[in-house]
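Work through these short exercises with the model open beside you. Try each task before you read its solution.

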Amino acid sequence: QVQLVESGGGLVQAGDSLRLSCAASGRSLSGYIMAWFRQAPGKEREYVASIDWSGVRTYYADSVRGRFTISRDNAKNTVYLQMNSLKPEDTAVYYCAASGNAGVSYGSWGQGTQVTVSS
């Protein structure tokens, strides 16, 4: 099983940018579909974005499309989430996840990184 560690979260103002990183260890990320999820206080975890093994196909939740960009560097075993034009409603704990079954389920999760956007 792959181990995932997120980093890059922090406190920013509305309109600012952040880049989250998800570093993997234990096995190569190539072959895994990777995704970012988030969970705001009092809300259920929600899907944010995902990327196929090659990095060619990316998918986004409507709430972040056009502002967030997911990417991966398989050589570095790392996945990124570039977040621009941040809004207070983006405040959440962001989790990285890996799927070894074409996105049917995500079997590996990181511990999460907090993103707080002030207005």
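**Exercise 1. The disulfide**

Task: Find which residues the disulfide joins, and work out which parts of the chain it ties together.

Solution:
- Start with the sulfur atoms. In this predicted model, a disulfide joins Cys-22 to Cys-96, with 2.0 Å from S to S. The cut-off for a disulfide is 2.5 Å, so this pair qualifies.
- Count them. By this rule there is one disulfide.
- Recall the chemistry. A disulfide is a covalent bond between the sulfur atoms of two cysteines.
- Place the two ends. Cys-22 lies in strand E3 (residues 18-25) and Cys-96 in strand E9 (residues 92-99), so the link ties together parts 74 residues apart in sequence.
- Check the burial. Cys-22 has 0% relative accessibility and counts as buried. Cys-96 is also buried, at 0%.
- Read the twist. The angle about the S-S bond is -75°, and the link of Cys-22 and Cys-96 is left-handed.

**Exercise 2. A leucine in a loop**

Task: Decide whether Leu-86 is buried or exposed, and list what Leu-86 touches.

Solution:
- Locate the residue. Leu-86 sits in the loop between strand E8 (78-83) and E9.
- Apply the cut-off. Buried means under 20% relative accessible area. Leu-86 has 2%, so Leu-86 is buried.
- Look for contacts, leaving out residues up to four places away in sequence. Leu-86 touches Val-12, Ala-14, Gly-15, Asp-16, Ser-17, Leu-18, Arg-67, Phe-68 and Val-117.
- Take one of them. Arg-67 is 19 residues from Leu-86 in sequence, and their C-alpha atoms are 7.7 Å apart.

**Exercise 3. Aromatic rings**

Task: Classify the pair of Phe-37 and Tyr-47, then do likewise for Phe-37 and Tyr-106.

Solution:
- Count the pairs. There are four aromatic pairs by this rule.
- Take Phe-37 and Tyr-47. Their centres are 5.9 Å apart and their planes stand at 80°; the pair is edge-to-face.
- Place these rings. Phe-37 is in strand E4 (residues 33-39) and Tyr-47 in strand E5 (residues 46-51), 10 residues apart.
- Check accessibility. Phe-37 is buried at 12%, whereas Tyr-47 is partly exposed at 29%.
- Take Phe-37 and Tyr-106. The centres are 5.3 Å apart and the planes at 75°, so this pair is edge-to-face.
- Place Tyr-106. Phe-37 lies in strand E4 and Tyr-106 in the loop between E9 and strand E10 (108-109), so the pair ties together parts 69 residues apart in sequence. Tyr-106 counts as buried, at 19%.
- Put the rings together. Phe-37, Tyr-47, Tyr-106 and Trp-109 form one aromatic cluster.

Technical notes. Residues numbered from 1 in each chain as written. Predicted model: local features only at pLDDT ≥ 70, side-chain atom pairs only at ≥ 80, totals over all residues. Heavy atoms only, no water. Helix = DSSP H or I, 4+ residues; strand = E, 2+ residues; numbered from the N terminus. Buried < 20%, exposed > 50% of the residue type's maximum accessible area, 1.4 Å probe, protein only. Contact = heavy atoms within 4.5 Å. Phe/Tyr/Trp six-rings, centres within 6.5 Å; stacked < 30°, edge-to-face > 60°.
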